[in-house]
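Work through these three exercises with the structure open beside you. Try each task before you read its solution.

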Amino acid sequence: MNIPQLPREPIRPELENPTDKEIWVPKWRCFCCRDTGLVGLNLVRLAIPNYDQCRDKPVACQNPRCYAGSDYRGDPNYDQRFTVGICTELDKRSREDWQRTVESHFKTIQSRVQDASRGMSLRRCDRTPDEELVANKRHELACSADPKKLEEAEKELEDECEEKAYHDKF
């Protein structure tokens with residue numbers, strides 16, 4: 001008898017589309033071991049390039065701010081050679097790597113938003129830096145509740161733009 005092939009049936013279908021997820025923020029305090037007490041494999045390999053996780057001892061975290069690492073410190077079944085300085089540096093590098101990851105995700109999201117808004121915009125091209133400055137000023141003024149200030153500022157902005165356009169021509 002042939003067994004029929006069935007499609008997946010995810011427990012949480014709304015989590016299946018990764019483009020709709022927010023940027024996840026870790027809750028751990030120690031980025032060296034991610035609060036497990038054992039230094040992460042990618043970080044161990046920065047100090048021990050030929051580290052083999054199947055044949056070598058796991059490395060205990062020595063970061064002084066890591067409470068989980070204290071469970072493994074002094075245990076001969078774990079590699080104790082990493083110093084406080086090494087673990088602190090690994091923690092720093094891992095934090096920087098996390099920051100770069102978040103920034104790249106943010107830039108990706110930002111570019112998707114710009115692409116979507118560009119498709120809906122009536123403008124044929126993007127604003128110039130000067131136009132962006134004027135638009136931001138107008139937005140700030142519009143947010144202030146004083147209509148008289150808004151009229152005065154609008155007049156000043158128009159005068160500045162006309163003057164700049166005149167100087168740009170000559």
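Helices here are DSSP runs of H or I with at least four residues, numbered from the N terminus. The model is a predicted one.

**Exercise 1. Locate Asp91: which helix holds it, and is Asp91 buried or exposed?**

Step 1. Find helix H2, which covers residues 84-120; Asp91 lies in it.
Step 2. Check the accessibility. Buried means under 20% relative accessible area. Asp91 has 2%, so it counts as buried.
Step 3. List the contacts, skipping neighbours within four places in sequence. Asp91 touches Arg29, Cys30, Phe31, Cys32, Asn63 and Arg65.

**Exercise 2. How many disulfides does the structure hold? Test Cys61 and Cys66.**

Step 1. Recall the bond. A disulfide joins the sulfur atoms of two cysteines covalently.
Step 2. Set the cut-off: the two sulfur atoms must be within 2.5 Å.
Step 3. Take Cys61. Its closest cysteine sulfur is in Cys30, 3.8 Å away, so the pair is too far apart for a bond.
Step 4. Take Cys66. Its closest cysteine sulfur is in Cys33, at 3.3 Å, which is also too far for a bond.
Step 5. Give the total: zero disulfides.

**Exercise 3. Where does Cys61 sit: buried or exposed, and in contact with what?**

Step 1. Read the accessibility. Cys61 has a relative accessible area of 0%, so it is buried.
Step 2. Look around it, beyond four places in sequence. The contacts of Cys61 include Cys30, Cys33, Val39, Cys66 and Cys87.
Step 3. Place it in the largest nonpolar core, which has 15 residues. Cys61 is among those touching the most other members, along with Cys32, Val39, Val44 and Phe82.
Step 4. Name the elements that give this core two or more residues: helix H1 (41-47) and H2.

Note on methods: Residues are numbered from 1 along each chain as its sequence is written. This is a predicted model: local features need pLDDT of at least 70, side-chain atom pairs count only at pLDDT 80 or more; totals for chains, interfaces and linings use all residues. Side-chain values use heavy atoms; hydrogens and water are left out. Buried means under 20% relative accessible area, exposed over 50%, partly exposed in between (1.4 Å probe, protein chains only). Contact means heavy atoms within 4.5 Å. A nonpolar core is a set of buried Ala, Val, Leu, Ile, Met, Phe, Trp, Tyr and Cys residues joined through side-chain atoms within 4.5 Å.
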